[in-house]
Amino acid sequence: MALVQKRSTLKIWGDVIFAIFLREVKSQSTDKIGLIWTVVSPLIMIAGMTAMRTLLSGGGDAHGMPVMFFMIYGMMFVQFFLSTLNKSSAAVLKNKPLYAFRQVQPISSILAVSFFELLIRISVALAIVLICYVAKIDIVIHDGISVITNFFKIWLLGVSLGTVFGLSYCFIPELKKVQQLLTRPLFFISALFFSLQDIPREYWHYLDWNPLLHAVELTRYAAYPSYGHEGVSYFFLDMCVLISVFFALACYHVGWKQAISR
């Protein structure tokens, strides 16, 4: 007689997340260059924006750090946040047919898609390191731990806001347009092309409400201490991440059953 192997709830949840993760990988590799393009496409955009900023500034440094790395940190973080936000917010409706199975819940879809996006961005970062090594470009990172923790804080922020938007779409689909309207200006107000130090101090309050700006500026400071960290703080960034995570979990706990039943 065949033995029935009992699995814990945590084990079942992990298997579900892994299965959806593999489903996401398969959906991204429908052609020969599918998975490769997910890494190459961000690299091309980063290279293009970096070249543009270098030409406009005439090379040299940007507040004590090379312009190339100034742009790389900005592009990496802004792209990472936006892609995580968009993919995690779309995950709830994208995998809605799977919720017919009792073991599958929206949080599993969100985590699987978000982990896949995290792996893509780690691959992009490793590709940049490899390119710099081949081109014999020195990479200076004074505080690597802070750079990595800021990277994961941005991921948590994107997943949290994506969860809130994803649940909201189930009730009000038109909120997708609102999200697009809110996220488009982030390329211009998140210290991507400029530093907060380039702006007169009396105008900082128009920008320093943005946690993404704090993450970008603090990461540049962690890599190059000479860059400085005026106008930004770890406390503000950490509080934004904690509040976002708590709010997302609260919204999910209250409304996930009603969301998937609509």
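This passage describes the main nonpolar core of a predicted model, two helix pairs that pack in it, and two buried residues. Because the model is predicted, local features are given only at pLDDT of at least 70 and side-chain atom pairs only at pLDDT 80 or more, whereas totals for chains, interfaces and linings use all residues. Residues are numbered from 1 along each chain as its sequence is written, and side-chain values use heavy atoms, with hydrogens and water left out.

The largest nonpolar core, a set of buried Ala, Val, Leu, Ile, Met, Phe, Trp, Tyr and Cys residues joined through side-chain atoms within 4.5 Å, comprises 73 residues, and those with the most contacts inside it are Met76, Phe81, Val124 and Ile128. Two or more residues are given to this core by each of helices H1 (9–28), H2 (34–57), H3 (67–94), H4 (106–134), H5 (144–171), H8 (211–223) and H9 (234–260), the helices being DSSP runs (H or I, at least four residues) numbered from the N terminus. H3 gives the most, with 16 residues. When residues up to four places away in sequence are not counted, Met76 touches Ile46, Arg121, Val124, Ala125, Ile128 and Phe151, where contact means heavy atoms within 4.5 Å.

H3 and H5 pack at an angle of about 30 degrees with their axes 7 Å apart, the axes being lines fitted to C-alpha atoms over the stretch in contact and the angles running from 0 to 180 degrees between N-to-C directions. H3 is therefore roughly parallel to H5, a term for angles under 35 degrees. Their crossing is right-handed, meaning that the near helix is turned clockwise from the far one by less than a right angle. By class, the contact of H3 with H5 has 19 nonpolar, eight polar and no charged residues, with Ala, Val, Leu, Ile, Met, Phe, Trp, Tyr, Cys and Pro counted as nonpolar, Asp, Glu, Lys and Arg as charged, and the others, Gly among them, as polar.

H4 and H5 pack at an angle of about 150 degrees, with their axes 11 Å apart, and the crossing of H4 and H5 is right-handed. In this contact, Ile110, Ser114, Phe115, Leu118, Arg121 and Ile122 of H4 meet Phe151, Phe152, Trp155, Val159 and Thr163 of H5; these residues divide into eight nonpolar, two polar and one charged.

Phe116, also found in H4, is buried at 6% relative accessibility, the term denoting under 20% relative accessible area (1.4 Å probe, protein chains only). The C-alpha atoms of Phe116 and Val25 are separated by 7.5 Å, although the two are 91 residues apart along the chain. Gln179, in helix H6 (residues 175–183), is buried with a relative accessible area of 3%, and, neighbours within four places in sequence aside, is in contact with Leu85, Asn86, Ser89, Phe165 and Tyr169.

Terms used:
Buried < 20%, exposed > 50% of the residue type's maximum accessible area, 1.4 Å probe, protein only. Parallel < 35°, antiparallel > 145°, perpendicular 65-115°, else oblique.
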